[in-house]
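Welcome! Take a moment to turn the model around on your screen, and then let us walk through it together.

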Amino acid sequence: MIIVKYRKIFYAISVLLVVASIISLSVWGLKLGIDFKGGTSIEFQYGVDRPGVDVVKGKIETLDFNPSIKGSYSLVPYGQNGYVLKTRNLSEPERAFLMGAIQSNPAEKIEFKKVNTIGPTLGQTSTNKALISIVLVLICIVLFITFAFRKVSKPVSSWKYGLISVLALSHDVIIPMGLFAVLGHYLGYEVDTLFVTAILVILGFSIHDTIVVFDRTRENLKNSRGDKNAKSFETIVGESINQTFTRSLNTSLTTLFAVLMVFLFGPEATKNFSLVLLVGIFFGTYSSIFIASNLLVTIEKFQKKV
């Protein structure tokens with residue numbers, strides 16, 4: 001009952017985080033990778049130990065392209081001895097100059113593994129598909145919950161369970177996006193297709209936790225029907241949260257520990273992916289326990305006043 005009793009505090013925390021995230025997205029936006037805006041990706045590997053990032057960047061920035069690629073590229077370690085360079089679309093001569101600058105030291109044996117170019121049209125297509133996939137997932141979630149809770153009409157209608165779920169999911173998605181807007185502005189973190197994959201994983205994980213609490217609420221409402229000493233809706237929701245709290249927490253912690261290990265010890269290519277999952281799963285668990293269920297109580301109380 002403590003969670004329900006102090007629900008306004010949890011609302012305030014979420015509102016603060018969501019507003020801060022929306023502001024960061026509005027001011028800086030997400031730094032899109034070449035998957036979405038188009039560009040050139042070059043994967044190369046050193047025969048022996050690779051030099052430091054600053055050394056390779058120093059070689060790249062000696063070039064005088066028009067327009068320049070300075071400040072508009074990312075260089076990420078890949079594997080044991082490799083790098084992946086992502087930058088704007090480069091012409092054939094520019095790619096040749098760039099690859100020549102990277103292997104300017106004859107003593108360094110460098111093998112260029114892969115060179116990919118993604119046009120802006122294909123990048124826009126990827127952006128549209130990513131947005132459509134997220135919207136479709138949200139619509140399917142609302143329809144599923146409305147159907148699954150169709151026999152729950154009092155005191156809160158089934159479609160409102162679906163609406164609350166979407167509000168909670170929006171909370172779980174906006175906060176990681178806001179964080180990446182900050183990281184993109186200050187540290188150059190880019191958003192790619194793996195980011196979208198992580199968002200979809202977060203949606204699935206978060207709705208699972210939310211449905212667990214909702215379903216227990218539904219069962220407790222069903223069991224309380226006809227009881228002479230019927231409990232208030234607020235009490236039933238509080239008991240439902242208490243009954244599922246340990247399960248939700250244990251499930252989330254085991255998942256977070258696994259993702260944390262990937263973030264700390266996994267390959268560089270999965271760092272952003274695992275970071276999004278860490279933030280999203282954490283806040284997804286938070287919203288399922290502290291926000292979604294409490295919103296049921298808030299709506300029920302609001303209906304009584306109307």
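How much area is buried between domain 1 and domain 2? Before we get to that, keep in mind that this is a predicted model. The domain assignment splits the protein into domain 1, made of residues 2-33 + 122-305, and domain 2, made of residues 39-118. Their C-alpha centres are 40 Å apart. Six residues from domain 1 and six residues from domain 2 take part in the contact.

Now for the answer: about 450 Å² is buried between domain 1 and domain 2, and carbon and sulfur atoms give 62% of this area. On the side of domain 1 that touches domain 2, you will find two nonpolar residues, one polar residue and three charged ones. What about pairings across the boundary? Between domain 1 and domain 2 there are zero salt bridges, and the count of residue pairs in polar contact, with both residues at pLDDT 80 or more, is zero as well.

Salt bridges do turn up elsewhere, though: the whole structure has nine. One of them joins the side chains of Glu234 and Arg7, with 3.7 Å from N to O. Glu234 belongs to helix 9 (residues 233-265) and Arg7 to helix 2 (residues 7-27), so this pair ties together parts that are 227 residues apart in sequence. In general, side chains of opposite charge can pair when their charged atoms come close.

Finally, have a look at helix 7, which runs over residues 158-187. Helix 7 has 30 residues and spans 44 Å from its first C-alpha to its last, close to the 44 Å expected at 1.5 Å a residue. Just after helix 7 comes Gly188, with a positive phi near 80°.

Notes: Residues are numbered from 1 along each chain as its sequence is written. This is a predicted model: local features need pLDDT of at least 70, side-chain atom pairs count only at pLDDT 80 or more; totals for chains, interfaces and linings use all residues. Side-chain values use heavy atoms; hydrogens and water are left out. Domain bounds come from an automatic or database domain assignment. Contact means heavy atoms within 4.5 Å. Buried area is the accessible area (1.4 Å probe) that two parts lose on being put together, summed over both. A salt bridge is a side-chain nitrogen of Lys or Arg within 4 Å of a carboxyl oxygen of Asp or Glu. A polar contact is a pair of N or O atoms within 3.5 Å; within protein, one must be able to donate a hydrogen and the other to accept it, and residues adjacent in sequence count only if both atoms are side-chain atoms. Ala, Val, Leu, Ile, Met, Phe, Trp, Tyr, Cys and Pro count as nonpolar, Asp, Glu, Lys and Arg as charged, and the others, Gly among them, as polar. Helices (H or I, at least four residues) and strands (E, at least two) are DSSP runs, numbered from the N terminus. The expected span of a helix is 1.5 Å times one less than its number of residues.
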